[in-house]
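Let's take a walk through this protein together. Have a look at the chain first, and then we'll go from one spot to the next.

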Amino acid sequence: MSRSRDVDAKEVATVPDGAPNVSYVFIVMGASGDLAKKKIYPCLWVLYRDGHLPVGTKFVGYARSALTIPELRKRCEPFLKVKDGEGPRLDEFFGMCSYVNGPYDKVDGFKKLDEALLKIEDVAAPGKPANRVFYLALPPSVFMPVTTNIKSACMSKRGYTRVIVEKPFGRDSDSSAVLSRHLTALFREEEMYRIDHYLGKEMVQNLMVLRFANAMFQPVWNRSNINSVVITFKEPFGTKGRGGYFDEFGIIRDVMQNHLLQLLCLCAMEKPASISPEDIRDEKVKVLKCIRPLERDDVVLGQYVAKPGGTGDELQGYLDDKTVPKGSVTPTFAAAVFHIKNERWDGVPFIMKCGKALNERKAEIRIQYRDIPGDIFDGQCRRNEFVIRVQPKEAVYMKVMAKKPGRDSGMVETELDLSYHLRFKDVNLPDAYERLIQDVFLGNQMNFVRSDELAEAWRVFTPLLHRIEQEKVPPVSYVYGSRGPKEADELIAKSGYSYTGTYSWKSSASPPSS
């Protein structure tokens, strides 16, 4: 496995007068699409506005549609965070943008793009190093022709070329392997950045620090003390007329195989030798190799239906979406139990639960500890839980037992609470895409997916996905706005997780006093 060289902030340094030592161009492939206007350009704007990109960085959009920069700006503006007085800065940002239209499957369009890039580089830094970053904000159907044409016609002549690839990285082990072999034949591993935006989220990045920088967790982070780990992703809305696209993938490919599996790896991996990207990714791969492939009995699949007496979107079930194929059995909900066969975790169920049209918006990791041995409090004790809330309202809290205040001698469930929006009031938490795009400029691959990691992830899921699709396994119905199918609760309880329903976390009203 090739290793990324260490790159620090000096790589993006500029001379004091603002003229760059190096030319940097960020190319958005698929610039006319939804991802580009809703996420990529808004993140580039924030990075540019706040000075987190190399001075003089230029932005080039490429797509089949013929667009002018004013037209591109009009598409993006509803999604840009622009404060009062930032109009001139925004004008400056779009002044750094240009656009080239052309096909994805013909090299001539990429030759035209390369000519435009060379002109920009020759003006910005004549004769100096010129670096290019390509972001593939594209459907997976064109990944292969686009990357082939980038390699043929658009590689930097005097600097690095880095290519950011959006998920999905295939549909199963075979298709992922085909894509990986294709990319590996074109680019070195250090030139490829397979992006999973969950790895850019604040609390996900905090997980390693919480685990390995706090001595109190080390002795208890194991099968002797932890009963189960539940990783949850909930969305309170359905497909909103985009069910045709979602139906091609389903909730397992869309969320579980990538976002949630990354959370599992960071939660379960051993302490890496260092914080270098390769050492961290090595440990994630080791964890994945210890997980056996999912079987049908490990999973509950669901599909939401309309809520009787509901209002608005609640009146539309998944199959009522006109873009969804008639009679589709694609799951919009999945709960699955994973088993890690290693010394630390053998016997501890890792439970993933994700779905659309549920009762709330939430993503979290919930680590439930074992029952207190020799309980002297007549069964009043509830299991301790350590919870990392990824979204919304990022927080870390520990559910503990305490005596009820006052004359009562009973016990109450309460928490030790670190709510980020209260404790770190003046800190601006960047968007996940902002972090990851900045990492690409710095050459930091820590929060990107490596090819062997991807192969192991698909190994775990592919047999189940094939069986579901070949047998057309019917999902269990659940009502829009509910917690999901009751069968999922039964699977989770059978696995050993104890849900009492007696406690609800509420973020503190004020920050803790010093």
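## Starting at a serine

Apart from its neighbours within four places in sequence, Ser-32 is in contact with Ala-63, Ser-65, Leu-67, Arg-75 and Tyr-99. You'll find Ser-32 in the loop that runs between β1 and α1 (34–49). Is Ser-32 buried or exposed? With a relative accessible area of 19%, Ser-32 is buried, because the cut-off for that word is under 20%.

Before going further, keep in mind that this is a predicted model. The mean pLDDT of the protein chain is 87, and 90% of its residues reach 70 or more. Two stretches deserve some caution. Over residues 1–19, pLDDT stays under 50; the model has 38 contacts beyond four places in sequence for that stretch. Over residues 509–514, pLDDT also stays under 50, and there the model has five such contacts beyond four places in sequence.

Now step back to the whole chain. It has 14 helices and 16 strands. The protein chain has 514 residues, and 53% of them count as buried. Its accessible surface comes to about 23100 Å², with 52% of that belonging to carbon and sulfur atoms. How do the contacts spread along the sequence? Taking those between residues at least 6 apart in sequence, 78% join residues at least 24 apart.

Let's go inside. In soluble globular proteins, nonpolar side chains tend to be buried together. Here the largest nonpolar core has 152 residues. Which of its members touch the most others? They are Phe-26 and Phe-338. Helix α9 (residues 250–268) gives this core its largest share, 12 residues.

Phe-26 is a good place to linger. Leaving out neighbours within four places in sequence, its contacts include Ile-40, Leu-44, Lys-58, Phe-59 and Val-60. Further along the chain, Phe-26 is also in contact with Val-133, Tyr-135 and Ile-164, as well as Ile-437 and Phe-441.

Next comes helix α5, which covers residues 143–153. Its buried residues are Phe-143, Val-146, Thr-147, Asn-149, Ile-150 and Ala-153. Where do they sit around the helix? They cover an arc of only 160° around the axis, so they are on the same side of α5. The buried residues of α5 pack against quite a list of elements: the strands β1 (23–29), β4 (130–136) and β5 (161–166), along with the helices α4 (107–124) and α6 (173–186).

What about the cysteines? A disulfide needs two cysteine sulfur atoms within 2.5 Å, and by that rule the count comes to zero disulfides. Take Cys-97: the closest cysteine sulfur belongs to Cys-76 and is 8.1 Å from the sulfur of Cys-97, so a bond is out of reach. Cys-97 counts as buried, at 8% relative accessibility. Cys-43 is buried too, with a relative accessible area of 4%.

The last part of the tour has some backbone details. The peptide bond from Gln-391 to Pro-392 is cis, with omega near -15°. Pro-392 lies in the loop between β12 (385–391) and β13 (395–403). Lys-393 lies in that loop between β12 and β13 as well. Its phi is near 50°, a positive value in a residue other than glycine. Is Lys-393 buried or exposed? At 51% relative accessibility, Lys-393 counts as exposed, because the cut-off for exposed is over 50%.

Ala-357 has a positive phi too, near 55°, and is likewise a residue other than glycine. This alanine has its place in the loop between β10 (349–355) and β11 (362–369). Its surroundings cover it: at 0% relative accessibility, Ala-357 counts as buried.

Finally, turn to Ala-363, found in strand β11. Ala-363 is buried, with a relative accessible area of 0%. Although Ala-363 and Pro-392 are 29 residues apart along the chain, their C-alpha atoms are separated by 7.4 Å. What does Ala-363 touch, not counting residues up to four places away in sequence? Its contacts are Tyr-198, Thr-232 and Phe-233, plus Ile-388, Arg-389, Val-390 and Gln-391. That last residue, Gln-391, takes you back to the cis peptide bond with Pro-392.

Definitions and conventions:
Residues are numbered from 1 along each chain as its sequence is written. This is a predicted model: local features need pLDDT of at least 70, side-chain atom pairs count only at pLDDT 80 or more; totals for chains, interfaces and linings use all residues. Side-chain values use heavy atoms; hydrogens and water are left out. Buried means under 20% relative accessible area, exposed over 50%, partly exposed in between (1.4 Å probe, protein chains only). Helices (H or I, at least four residues) and strands (E, at least two) are DSSP runs, numbered from the N terminus. The arc is that of the directions from the helix axis to the C-beta atoms. Contact means heavy atoms within 4.5 Å. pLDDT is the predictor's confidence in each residue, from 0 to 100. Accessible areas come from the Shrake-Rupley method with a 1.4 Å probe; for residues, only the protein chains shown count as cover. A nonpolar core is a set of buried Ala, Val, Leu, Ile, Met, Phe, Trp, Tyr and Cys residues joined through side-chain atoms within 4.5 Å.
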